[in-house]
Amino acid sequence: MDLLTLLFEKKLEKALHFPPALKASWLAEGVLQLLPQESKADTLILSVGIHGNETAPVELLIQLVSQLALGSLPLQHNLLLIFGNVPAMRENKRYIDNDLNRMFGGRHQNFPSGNESQRAMELETVVRQFFREPAVRASTRRWHLDLHTAIRGSCHEQFALLPFQAREYASDFLQWLEGSDIDALVFHNAAGGTFSHFTSEHFNVESCTMEVGKARPFGQNDLSRFNNITLALRDVVAGSFLIKREKPIMKRYRVIDAIIKQEDSFRLHIPEDTKNFTALPDGFEIASQPNQFWKITSPANFILFPNAHVAIGQRAGLLLVQLT
Ligand SMILES: [Zn+2]
């Protein structure tokens, strides 16, 4: 039976065996802690499937877990591997009740009890537990990569969103992102309920939400399209940090405004299939609801994640400015 089926049938825990140099503990369903017997100064969290229909990263992590189990990939980190929303993954849905990636940092309390609010609470608990491990608590380099795929097309196929941080972003982390050959970085301007914001804010982790391509159903992903991500993950897990950029220069953007849907009559005045990072003309009214409208003001003319169909109170898009 393949590992993905074992994960879905809750049998992965018993099926996987790791080399004696690694201490493996399952902290919750789909959450595996791997600690090298020889203590490490670096800590890494890899999470996938926070949105259940974002399948390619799940397949990449399955590959990585099997390589760690076979011993064909050395581990130089205290590692926490997270398959985020397994019930939604089984149904190939983004979520069952509500969007999990809006609920972290205690925001799950603002949602009715359901699959995702329970899971957000559980994931916060396991991350806290992980950081109580002496080796993890003492670790100086702490990274979290939360891997996603986008729903819509994008002018930049692969990009990372860095959560808002009052402190500086670590240069080695930005350098590694550049080396991974993703196309763009987006710096957030405000706190939010994402998993990456949670680890950044509460555990001083260098975190990001990495969008690695477009979502397809399980088994229909061409993993060769994600070769750069596979290589980058192997590079970081093995503690090599040797990857070098081969693509043209990575673009950088900063969020300057969030479009929040507050009314049923909210409208986005762009086609449904508008790509991420589409440039819009100065003065264009991109969205409106009674008593409020959003106009493009140069140079803040790029749109990210436009979606008029979000729930009331949720983000219907981000406006970006390009950094030089
Ligand atoms: Zn996602």
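**The zinc site and the nonpolar cores**

The four donor atoms around the zinc ion subtend angles of 57 to 143 degrees, so the arrangement comes out as irregular. For a tetrahedral label, all angles would have to lie between 85 and 135 degrees. This is a predicted model. The donors themselves are His51 (ND1), His148 (ND1) and two OE atoms of Glu54, sitting at 2.0 to 2.4 Å from the metal. Along the chain they follow the spacing H-x2-E-x93-H. Glu54 belongs to the loop between β3 (42-48) and α3, while His148 is part of strand β5 (residues 141-150), so this pair ties together parts that are 94 residues apart in sequence. Both are tucked away from the surface: Glu54 counts as buried at 3% relative accessibility, and His148 is buried too, with a relative accessible area of 2%.

Then there is the nonpolar interior. The largest nonpolar core has 53 residues, and Leu46, Leu68, Phe83, Leu145, Leu177 and Met210 have the most contacts inside it. Helix α3 (residues 55-70) gives the most to this core, chipping in nine residues. What does Leu68 touch, leaving aside its neighbours within four places in sequence? Its contacts are Phe18, Pro19, Leu22, Leu34, Leu73, Leu75, Leu79, Leu81 and Val237. A second, separate core of 23 residues includes Leu35, Ile82, Val127 and Phe130.

Further along the chain, the unreviewed UniProt entry places the feature "domain: AstE/AspA barrel-sandwich hybrid" at residues 250-322. Over that stretch the chain is 47% strand and 0% helix, and the end C-alpha atoms are 11 Å apart.

Notes
Residues are numbered from 1 along each chain as its sequence is written. This is a predicted model: local features need pLDDT of at least 70, side-chain atom pairs count only at pLDDT 80 or more; totals for chains, interfaces and linings use all residues. Side-chain values use heavy atoms; hydrogens and water are left out. UniProt positions are given in the numbering used here, feature names are shortened, and annotations may be inferred rather than shown by experiment. Helices (H or I, at least four residues) and strands (E, at least two) are DSSP runs, numbered from the N terminus. A nonpolar core is a set of buried Ala, Val, Leu, Ile, Met, Phe, Trp, Tyr and Cys residues joined through side-chain atoms within 4.5 Å. Buried means under 20% relative accessible area, exposed over 50%, partly exposed in between (1.4 Å probe, protein chains only). Contact means heavy atoms within 4.5 Å. Donors are N, O and S atoms within 2.8 Å of the metal (3.2 Å for Na, K and Ca); water is not among the atoms, so sites may look incomplete. Four donors count as tetrahedral if all angles lie between 85 and 135 degrees; four count as square planar and six as octahedral if opposite donors are over 155 degrees apart and all others between 65 and 115; anything else is irregular.
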